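Open your viewer and get ready to pick out a few places one by one. Each stop tells you what to select and what you will find there.

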2 protein chains.
Amino acid sequence: MAHFRIRFLPDNLETTVAAGKTLLDAAREANVYVGAICGGERICGKCRVIIREGEVEGESTEFLTRDEIRRGYVLACQVVPITDLLVEVPPESRLTGYKGIGVDSEQFRDFAHRGAERPPAALAPIVEKYFFDLPEPTLDDPTADQERLLEAVSKRRPGPLQMGLKITRELPRVLRRHEAKRTSWKWKWDGRVTATVGMRADVNEVLCVESGNTADRNFGLALDVGTTTVVAHLVDLSCGTTREAAAKYNSQLEFGADVVSRINHARQPGGAEALHRAIVQDVETLIEDLVQRAHVGRGDIHCVVAAGNTAMLHFLLGLEADLIRLSPFVPSATSPPPLRAAEVGLGIHPRGILYTVPMVGSYVGGDITAGVLGSGMCDSERLALLLDIGTNGEVVLGSREFTVACSASAGPAFEGASVSCGMRATSGAIDSVRFFQREPMVAATTVDGSPPVGLCGTGLIDALSGMLLEGVVDRAGRFQVARARGRFRENEEDGQPEFVLVAAKESGGPRDVILTQADVENLVRTKGAIYAATDSLVQSVGVSFGQIERVYIAGAFGNRLDIASCVNIGLLPDVPVERFEFLGNSAIAGAKMMMLSHHTFDEARRIRDRVTYQELMVDQAYMERFTSACFLPHTDLSRFPSVAHRLGAHGSGSVPAGA
Amino acid sequence: MAHFRIRFLPDNLETTVAAGKTLLDAAREANVYVGAICGGERICGKCRVIIREGEVEGESTEFLTRDEIRRGYVLACQVVPITDLLVEVPPESRLTGYKGIGVDSEQFRDFAHRGAERPPAALAPIVEKYFFDLPEPTLDDPTADQERLLEAVSKRRPGPLQMGLKITRELPRVLRRHEAKRTSWKWKWDGRVTATVGMRADVNEVLCVESGNTADRNFGLALDVGTTTVVAHLVDLSCGTTREAAAKYNSQLEFGADVVSRINHARQPGGAEALHRAIVQDVETLIEDLVQRAHVGRGDIHCVVAAGNTAMLHFLLGLEADLIRLSPFVPSATSPPPLRAAEVGLGIHPRGILYTVPMVGSYVGGDITAGVLGSGMCDSERLALLLDIGTNGEVVLGSREFTVACSASAGPAFEGASVSCGMRATSGAIDSVRFFQREPMVAATTVDGSPPVGLCGTGLIDALSGMLLEGVVDRAGRFQVARARGRFRENEEDGQPEFVLVAAKESGGPRDVILTQADVENLVRTKGAIYAATDSLVQSVGVSFGQIERVYIAGAFGNRLDIASCVNIGLLPDVPVERFEFLGNSAIAGAKMMMLSHHTFDEARRIRDRVTYQELMVDQAYMERFTSACFLPHTDLSRFPSVAHRLGAHGSGSVPAGA
């Protein structure tokens with residue numbers, strides 16, 4: 001069988017693939033990311049690459065403009081090499097921008113540290129070290145070594161105790177020195193030892209016993225396994241401070257951008273194992289990065305607390321995830337028992353424990369439990385709403401009295417998929433947009449200041465808000481070409497109008513950043529789904545939006561959102577802006593709180609147990625609410641008085657999108 | 001290096017050894033047992049073999065008579081081959097008799113079934129199977145698979161629950177069938193499953209989940225790991241009955257007959273591992289025997305409950321045992337946590353649990369805890385004494401109110417060591433002796449009816465009792481040659497008198513069965529040590545022997561003892577014979593009770609905790625009591641009124657030793 005050498009720019013990575021393999025296969029082989037959001041299902045059109053040298057075969061006109069085809073663009077999942085190739089991965093398909101932010105930059109570390117960094121009342125880590133100076137046995141007190149140790153541990157950490165056989169086997173040697181004595185040796189007592197004690201379900205377990213006092217070498221890893229990003233914090237359990245933070249893209253992105261396409265990939269032979277390995281490898285990479293920067297031994301990490309959505313946690317643990325996507329949406333487990341991290345392949349202390357933040361259900365995961373915990377909403381008398389806006393939007397409503405939650409399949413529009421110029425928040429992504437003047441002028445910023453390539457979620461929301469206020473779209477989301485004829489162009493294929501947000505010739509970017517009528521419709525459906533979910537919860541408990549005293553925005557997406565833009569398009573309810581609070585990465589903050597106090601861990605289990613999950617998939621009222629919400633901001637404008645006011649004022653001059 | 005071929009008769013087993021290896025090494029290599037009680041330390045003189053062909057080198061006159069040397073006898077541990085050899089292992093050095101009894105014969109199985117076969121109030125095995133027909137998940141009840149199962153288990157078995165990751169991973173497939181559907185497959189619910197649930201410390205653990213109803217396939221192994229014998233019972237946990245029983249010699253005998261010589265062996269390089277492997281292999285052999293006879297799969301055995309003395313349990317678990325022999329006599333552990341049987345190499349269900357009966361201390365082990373449990377003495381208002389007579393004699397005194405225990409290093413005389421013609425209860429061992437007429441005539445029986453070769457413990461006690469009553473020894477244990485001049489002979493080496501109990505020419509045995517003055521002194525010291533231990537406990541709690549309402553005799557040795565002989569020599573206290581009760585193998589009976597009820601298992605832990613251990617090794621009063629007890633029956637004859645009566649009557653005709 002013929003083989004071809006494929007070299008990828010700008011990384012200059014090379015691989016050899018057999019004839020018949022797609023260019024996407026080759027990229028995976030070479031470990032080059034090409035933004036295949038749909039996982040090679042030929043749906044998203046995001047695996048755009050440019051053929052610099054050589055020939056490919058296959059249909060590749062979908063999702064590409066005539067101009068792009070002329071410039072050598074193909075979709076990597078749709079073409080197979082027929083010669084050796086030199087391939088360029090253009091900026092919009094790369095991970096670089098984000099990756100740089102993730103691992104090292106201050107910006108990301110600041111973000112990662114944000115949120116509910118409220119220290120628990122008292123430091124009582126789930127894995128704690130205790131130093132003892134155990135008294136030497138005597139004839140009056142010949143208590144066995146194991147019992148002598150466990151009795152001392154019990155005084156510091158009451159409750160049932162377990163200890164592995166290997167530790168008992170070694171204990172006499174840890175508690176004594178061997179003294180060589182001519183041909184023989186002699187035991188010499190030295191009871192100064194440090195015991196590391198962790199929590200396993202309702203039992204404490206002695207994880208290791210070391211000679212001397214090592215109580216200051218005790219670390220834990222807080223983990224947020226996101227569908228897109230994996231974040232890890234290295235926490236010093238002896239004092240409760242965060243020593244280092246790191247993040248990287250979830251390598252499973254190669255297998256699909258959303259949970260359902262990954263579960264589908266897991267159905268293929270070897271697929272589940274590949275997904276499991278990918279995420280474990282990501283965490284391993286983060287651990288390596290953290291221990292090197294913090295000068296900590298992997299063996300000094302005694303626990304991992306993993307938050308994440310239900311599917312991601314299933315992949316991390318290697319659990320069957322297929323039933324999550326099928327009605328009635330049954331996870332394998334929502335409270336997996338604490339287990340050895342080594343059992344899933346994480347290289348911390350050999351007996352170190354992996355704790356999973358308890359999940360509510362298939363579509364309300366451990367990240368939400370952690371967020372609810374971090375927000376403190378279950379401790380408060382004030383009615384609060386918590387939103388995590390993503391491909392799945394999770395919404396929680398509650399207070400000390402009750403907690404209800406639901407999940408809406410919003411679609412990936414805010415993640416950059418299903419929108420022509422949508423992209424992740426990587427290099428060149430427009431993250432904020434302001435409109436000026438009646439023939440609208442647009443000012444945009446990108447996440448890293450480089451020329452604009454496309455729009456990430458926050459940019460899309462700003463753009464839609466501005467287009468609505470400027471009348472470029474009407475409240476049904478329909479283009480009003482007459483309002484800004486100069487900014488519309490015709491699609492070269494079908495002649496349909498496209499709104500040019502930023503023209504390449506003005507911005508210096510590689511292409512015009514545009515929005516099509518279909519793009520707007522996708523965005524409206526996405527925001528409609530999330531609003532309808534919120535609406536459903538509010539109606540189900542018989543309160544009004546006005547009674548909501550706090551709106552928490554969780555997730556990495558959250559703290560770059562412009563609240564006013566979100567209210568303008570009807571994504572968020574129209575409550576006073578001062579009631580909104582960004583939690584930052586509340587998943588990791590919650591995981592840290594649980595790590596630093598086993599009482600808080602118990603509380604997380606109680607929170608999980610008290611959350612009432614509402615399934616919207618089969619709720620006819622939800623469908624009606626969704627239909628009503630597929631307007632800008634809503635069919636019932638009275639729900640959005642401030643937007644009504646702005647829309648009424650819109651004829652009278654420039655209105656910044658974020659005003 | 002030269003090598004020699006050594007062939008052993010009667011087994012006809014052959015091996016090749018390097019020059020310089022002893023004949024005992026060769027025997028171990030060839031897997032031939034040669035009765036090396038001391039483990040090759042040149043102390044016991046029991047590794048007697050006969051050189052039929054070939055030459056050996058080395059000192060070998062110790063322990064052997066001139067006649068024996070002429071007939072080719074050597075001690076295997078003291079000679080090295082210098083040519084190829086043909087070696088005969090004589091009956092007194094073989095294991096055959098006992099082995100036959102142990103594994104198959106009705107006699108042994110009857111013994112093994114004996115004792116405290118009191119069914120617990122209610123059957124509640126430590127590992128139990130539960131069949132469930134779990135309802136299919138719906139949109140109204142999308143509880144995760146794991147939580148659905150654990151909720152059902154919790155209803156049957158309240159308390160905290162653990163479950164391993166692997167089971168959660170497999171659960172969706174156990175709870176559903178896969179239905180092939182053209183190119184794909186489909187899940188189909190089938191909630192009928194059986195969960196196996198065991199107890200681990202204070203937590204229950206789901207050990208496995210199987211499709212369908214397998215509740216009747218649940219077995220446990222009760223184990224008594226004795227220094228000499230290993231006994232195993234296969235118990236049907238679904239109904240509480242014992243399906244099969246088996247026993248074999250402890251293969252560690254090769255490394256020494258008593259606990260201390262084995263611990264010494266463990267100090268040598270590789271020694272501890274060899275002892276651990278030997279006992280694990282013994283248990284494996286018993287398991288194989290049991291599952292074949294009972295037609296049970298190894299995977300259907302879900303637990304092992306192991307009783308035994310502290311050192312044996314340490315060897316089974318691979319724990320450091322060295323400190324047991326050194327003051328202040330500290331075990332590695334007295335309550336080892338339940339652990340996977342696979343972790344020590346036992347081939348039952350992969351997640352099956354090995355439970356250890358809690359031990360009181362270094363010299364009062366789990367066999368005693370089990371015996372106390374089996375006797376029920378801790379539940380009774382009546383004051384009871386429990387004795388386990390062996391190389392270490394363990395004594396327990398108590399009632400519902402209190403429990404005290406101690407251990408006396410009695411020495412191995414009753415096991416056959418340190419007595420010229422002493423031997424184990426194997427083929428040709430005299431197990432009972434009766435004296436008739438004034439010039440005493442002796443009638444003896446052997447364990448298997450074959451011609452007498454030596455004396456096992458019960459025979460020795462009967463012999464000493466008869467010699468005392470007939471005046472052949474005085475109360476100080478000194479030979480009274482004039483009383484039976486015809487039965488004494490002179491030692492061919494030193495001219496010292498030897499009492500010929502059974503002459504070879506009368507019995508047809510291979511040698512005269514004799515007792516020397518030194519033999520009698522060893523026996524007196526042994527019984528004195530045990531009586532003094534009993535005496536110490538009685539004195540320490542301020543009661544009198546007369547208040548003891550029950551005397552339990554534990555251990556395999558127990559139920560062949562003649563109580564009257566024991567009282568005559570002052571081994572057992574002089575209380576009415578109807579107060580004595582043989583418990584049979586109370587260790588295994590206790591282990592079974594614990595296996596069949598986790599409440600009883602908890603009770604065993606409570607019993608262990610309430611026993612007060614008295615260390616005699618450093619007790620000056622004990623030494624004085626021991627000195628007083630080194631008389632027949634005691635310096636203070638008033639403690640033994642019935643013996644005083646018999647001794648007074650002894651001039652008036654024949655007195656059967658056991659009368």
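Begin in chain B, where six strands form an open sheet in the order 30-29-20-21-22-31, with mixed pairing. Please keep in mind that you are looking at a predicted model. To find the borders of the sheet, select residues 580-584 and 612-614 of chain B: these are strand 30 and strand 31, the edge strands, and each pairs on one side only. Looking across the sheet, neighbouring strands are turned by 20° against each other on average, with direction ignored.

Now add strand 22 of chain B, residues 403-409, which pairs with strand 31 of chain B in the parallel sense over three bridges. For a single pair to display, try B:Val404 and B:Thr612: B:Thr612, in strand 31 of chain B, is the bridge partner of B:Val404.

Which helix packs on this sheet? Select residues 517-540 of chain B and you have helix 13, which touches strand 20 (384-388), strand 21 (392-398), strand 22 and strand 31 of chain B. The direction of helix 13 of chain B makes about 155° with that of strand 22 of chain B.

Next, show both chains together. Their contact takes 43 residues from chain A and 43 residues from chain B. On the chain B side, colour helix 5 (145-156), strand 9 (161-163) and helix 6 (165-174), since each supplies at least two of the residues that touch chain A. Helix 6 of chain B gives the most to this side, with five residues. Colour the side of chain B that touches chain A by class and you will get 25 nonpolar, 11 polar and seven charged residues.

Move over to chain A and colour it by domain: domain 1 covers 3-94, domain 2 covers 127-211, domain 3 covers 220-356 and domain 4 covers 362-659. The centres of domain 1 and domain 4 of chain A, taken over C-alpha atoms, are 32 Å apart. Contact between these two domains takes nine residues from domain 1 of chain A and 10 residues from domain 4 of chain A. On the domain 1 side, the residues divide into four nonpolar, one polar and four charged.

For the last stop, select residues 310-317 of chain A, which make up helix 9. Are its residues buried or exposed? Eight of the eight are buried, so helix 9 of chain A is largely enclosed by the rest of the structure. Among them are A:Met312, A:His314 and A:Phe315. Step one residue past helix 9 of chain A to A:Gly318, where phi is positive, near 75°.

Conventions. Residues are numbered from 1 along each chain as its sequence is written. Chains are lettered from A and ligands numbered from 1 in the order in which they are written. This is a predicted model: local features need pLDDT of at least 70, side-chain atom pairs count only at pLDDT 80 or more; totals for chains, interfaces and linings use all residues. Two residues are in contact if their C-beta atoms, placed from the backbone, lie within 7 Å. Helices (H or I, at least four residues) and strands (E, at least two) are DSSP runs, numbered from the N terminus. Ala, Val, Leu, Ile, Met, Phe, Trp, Tyr, Cys and Pro count as nonpolar, Asp, Glu, Lys and Arg as charged, and the others, Gly among them, as polar. Two strands pair if DSSP finds at least two bridges between them. Axes are lines fitted to C-alpha atoms, for helices over the stretch in contact, and angles run from 0 to 180 degrees between N-to-C directions. A residue is buried if 20 or more other C-beta atoms lie within 10 Å of its own, exposed if 12 or fewer, and partly exposed in between; C-beta atoms are placed from the backbone. Domain bounds come from an automatic or database domain assignment.
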